[in-house]
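Okay, thanks everyone, let's get going. I'll put the structure up and then walk you through the parts I'd like us to look at.

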Amino acid sequence: MISLVVNGKTREVGAAPGTPLLWVLRDSLRMTGTKFGCGIAQCGACTVHLDGVPVRSCVTPLSAAAGKKVTTIEGIGATRAGKAVQAAWMRNDVPQCGYCQSGQIMSASALLAKNRAPSDADIDAAMSGNVCRCGTYNQIRTAIKDAAASAKGA
Amino acid sequence: MRARPMNASRREFLKTSAMAGGGLIVAFTLPGASRLAQGAGKEARMSAYLRIAPNSEITVVCGLSEMGQGVHTAIPMLVAEELDADWSRVRVEQAGVDQAFANPIFGMQATGGSTSVRGHWEPMRKAGATARAMLVAAAAETWKADAAECRTERGMVIHKSGKKLSYGQLAEKAAKLTPPKDVKLKDPKQFNLLGKSGTKRLDTVAKSTGRAKFGLDVYLPGMLTAVIAYPPVPGGKAASVNDAKAKAVPGVRQVVQIPSGVAVLADGYWAAKLGRDALEIQWDHGANASLSSEGISKMLSAGAAAGGAVGRNEGDAKAATPAKTIQAEYEAPYLSHSCMEPLNCTAWVKKDGVEIWAGTQSQGPAQGILSQVAGVQPGQVKVNTMYLGGGFGRRFAPDPVIGATVLSKITGKPVKLVYSREDDTRGYFYRPASVTKMTGGLDANGVATLFTANVASPSIMEGSHFMKLPPDGVDEFGVEGIRDCPYDIPNLHIEYSRQEPGNLQVWFWRSVGHSQNSFFLESFIDEMAHAAGKDPFEFRRSLLGKQPRYKGALELAAEKADWGKPLPAGVHRGIAVVFSFGSWCAEVAEVSVVSDGTPRVHRVVAAVDCGMTVNPDIVKRQIESAIVFGLTAALYGKITFKDGRVEQSNFHDYRMLRMNEMPKVEVHIVPSTEAPGGIGEPGTPPIAPAVANAMFAATGKRIRKLPLLG
């Protein structure tokens, strides 16, 4: 059994150490908010935080997450940045099909946690690893700026 | 997909494949919505489409699939408008499969062809108006008053005396009344919700919190996850299989050979994938072992040169003697849909029927097909429609649904079939490749007098297996967007040559034939404008005198984009206008080209005439979405073949537009009182030619083969 802390709770999982964290979250823990998109870290749909740092869970082996704090879309609302980002996503009606949005929100939350007033270039750098096939990029950009502004006022 | 009434053969297909058991109304509650239902008490069922709880919460049951286009908001808005509902109390629920939810345009329960609002604009408003009339009648009966003395407002029936009853208080009584046959619909001037900005989507909360359930999110007790090793060459099959190493992978339960390949079934995706990697298979590649993109291009080009069935003929193209003639050959590649959610389906074949959980665009056809696959009656097939992580036409195809059902039938267990991204990219059902040769003629004054086009491409109608080529031999999807050339040119001749390289499975791809044919036509019209020495906007405008809605969209886009006014150094404009799926859409792209020929799209200004709108905010987002979809394909999209194999596999070699490449997009809606047009697709066709035309303006070099980056 390997122990990891997911959204503040300690979880024991029996999966092989080489199993990608994505499939541990989904198939072992039934936490389906984290999405499978490409399996090779090309789309960002599977983004989670390991000790606050955004990683692609589809290429992160369980062994690399052992003992670390894993934050997923199900838990990001408990963080200051995550709460602001989710609220901004709702205010701006960002999602269309919605499939990529967990990953988008995780990347955006990590950006805002370390950069309270991201520029367009900062947003490009932090968000260009996340593909949205519905093309909601402009709404994502608007929502990130909205989240930054609301967090500043809070 | 098309949006015209079906032909007889299509109806016949539906009769045999899509009929549901009578009265079977099964509903699958979407996450995010269930929260509201709790504690709502016993709901009154006003019709198949509408229930009202004692606390006045309104549930609209929607038979259409939500794939991002906003239909789970638009359909409730249509009902709520005529019901005079309190929008804040309206929730949506996904319907099961039933003829009550047949798409009026298709005659079967399916979502596609930008038909949802067009098909349901009246029926769903009638559902709301009928329920409203029943609630008013119930109130009048309670008060022993005349119904004419009652009005409705935000979920209340109000008597002229000031007495009020809420819909929740009236629903149980109202539901027992006989629904009126004829109800009067509102004059659009009375609309409170429809056509007004500011109504939020009903699925935003679920999709911003990870709670929205897509097909891949389904887990059943005892379920196995399957991945399939598919033949690497289309039409191939496994000659011999050694599965010893696959079966030795921990978690792998079974390996079975099925018509589409060799399936590995395991406890979870990762074990199934490792099991597949460990399979040793000798493939018989069949007839396509040497299929190549060069060969495909040659075959299509020869088809276009030879010509084929006549799709349109006006004037006398052969006898025309223009002062100036230009000719060009254009080409578009196969394309994958590449939905964000890889294809999948969960199926459970039991003794008394089949149940599937899938993000599907085609519940009706799936029911008919699966009844044959599992050997049960159509009424014994239950379809649970999940959210679709993108559709774009790909989720209209039955392959994942069939595959999962076959595997569940063999194993006796619930099976979730998952396509890896590579399986999805290499899974065929592509937008067909096409080569089109065109001729344009101008008189001495630069007025267009001749246009001919010979299109060569595979037939989607035949490939669909539910349509046939019509007697004239012209595939409507092969020529749409070019046969319907709107320009007033006296001599006009269009031919279609069906070519089936490798007998590849082709399919409907967002905007279908318009996606390539509009690139051909709108680029070539630009060539004609330049040959005539005229401004491309003015040249088009001069040929659209008989087409006011084309002209209206074109003029609005040009006006909003400041057509003709100076731009920053190095930035150039291109324009295109297309009618598709009942709507007119013009786009102006502002593009600069760096020294290696790479374009950078800075801004796109779109104008759309889609008649009356339901939710203008969603309309604008759909046009923007369609632009990104079309721009991605225009810049990067190509599926190519070498030695029979698809060369692309994942997002590193089948590129997607990303945040750092995203242009600014402005969408303007032409004010209209006409009936609604489609909105999911019409934004896609104009973007490729608008960008290509801007690149020509920037460089003087005409790109006639997609993708624009080569």
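Before I give you a distance, a word on what I mean by a domain: the bounds come from an automatic or database domain assignment. And keep in mind that this is a predicted model.

So, chain A. That assignment cuts chain A into domain 1, residues 2-71, and domain 2, residues 76-153. Take the C-alpha centres of domain 1 and domain 2 of chain A, and they sit 21 Å apart.

How do those two touch? On the domain 1 side of chain A there are 13 residues in contact with eleven residues of domain 2 of chain A. Together, domain 1 and domain 2 of chain A bury about 980 Å², and carbon and sulfur atoms carry 56% of that. If you want residues to click on, go for A:Lys35, A:Cys43 and A:His49: they supply 36% of the area domain 1 of chain A buries against domain 2 of chain A, more than any other three residues.

What holds across that boundary in the way of polar pairs? The rule finds zero salt bridges between domain 1 and domain 2 of chain A, but six residue pairs in polar contact, both partners at pLDDT 80 or more. On the domain 1 side of chain A, strand 3 (47-50) and strand 4 (53-56) are the elements giving two or more residues. Strand 3 of chain A gives the most, with three residues. Sorted by class, that domain 1 side has five nonpolar, six polar and two charged residues.

Now over to chain B. Here we've got three domains, and two of them come in pieces: domain 1 is 8-208, domain 2 is 215-286 plus 343-418, and domain 3 is 293-334 plus 430-699. The centres of domain 1 and domain 2 of chain B, again over C-alpha atoms, are separated by 35 Å.

Next, where the chains meet. The size of an interface is often given as the accessible area lost when the parts come together. For chain B and chain A, that comes to about 4400 Å², with 56% from carbon and sulfur atoms. In chain B, the residues losing the most area to chain A are B:Tyr219, B:Met340 and B:Met659, together 20% of what that side buries. Counting contacts, 55 residues of chain B meet 49 residues of chain A.

How many salt bridges cross between chain B and chain A? The rule finds two. One to look at is A:Lys35 with B:Asp217, where the closest N and O atoms are 2.5 Å apart. And yes, A:Lys35 is back from the list of three at the domain boundary in chain A. Between the chains we also count 32 residue pairs in polar contact, both at pLDDT 80 or more. Several elements of chain B each supply at least two residues to the side touching chain A, among them helix 6 (204-208), helix 8 (269-277) and helix 18 (616-636). Helix 18 of chain B gives the most, with seven residues. By class, that side of chain B splits into 23 nonpolar, 19 polar and 13 charged.

Last stop, a single residue: B:Ser518, in helix 15 (residues 514-531) of chain B. Is it buried or exposed? B:Ser518 counts as buried, because its relative accessibility is 2% and the cut-off for buried is under 20%. The side chain of B:Ser518 reaches the backbone oxygen of B:His514 at 3.0 Å. Setting aside neighbours within four places in sequence, B:Ser518 is in contact with B:Gly481, B:Ser523, B:Val578, B:Pro685 and B:Pro689.

Note on methods
Residues numbered from 1 in each chain as written. Chains lettered and ligands numbered in written order. Predicted model: local features only at pLDDT ≥ 70, side-chain atom pairs only at ≥ 80, totals over all residues. Heavy atoms only, no water. Contact = heavy atoms within 4.5 Å. Buried area = accessible area lost by both parts, 1.4 Å probe. Salt bridge = Lys/Arg side-chain N within 4 Å of Asp/Glu carboxyl O. Polar contact = N/O pair within 3.5 Å; in protein donor to acceptor, adjacent residues only side chain to side chain. Helix = DSSP H or I, 4+ residues; strand = E, 2+ residues; numbered from the N terminus. Nonpolar A, V, L, I, M, F, W, Y, C, P; charged D, E, K, R; others polar. Buried < 20%, exposed > 50% of the residue type's maximum accessible area, 1.4 Å probe, protein only.
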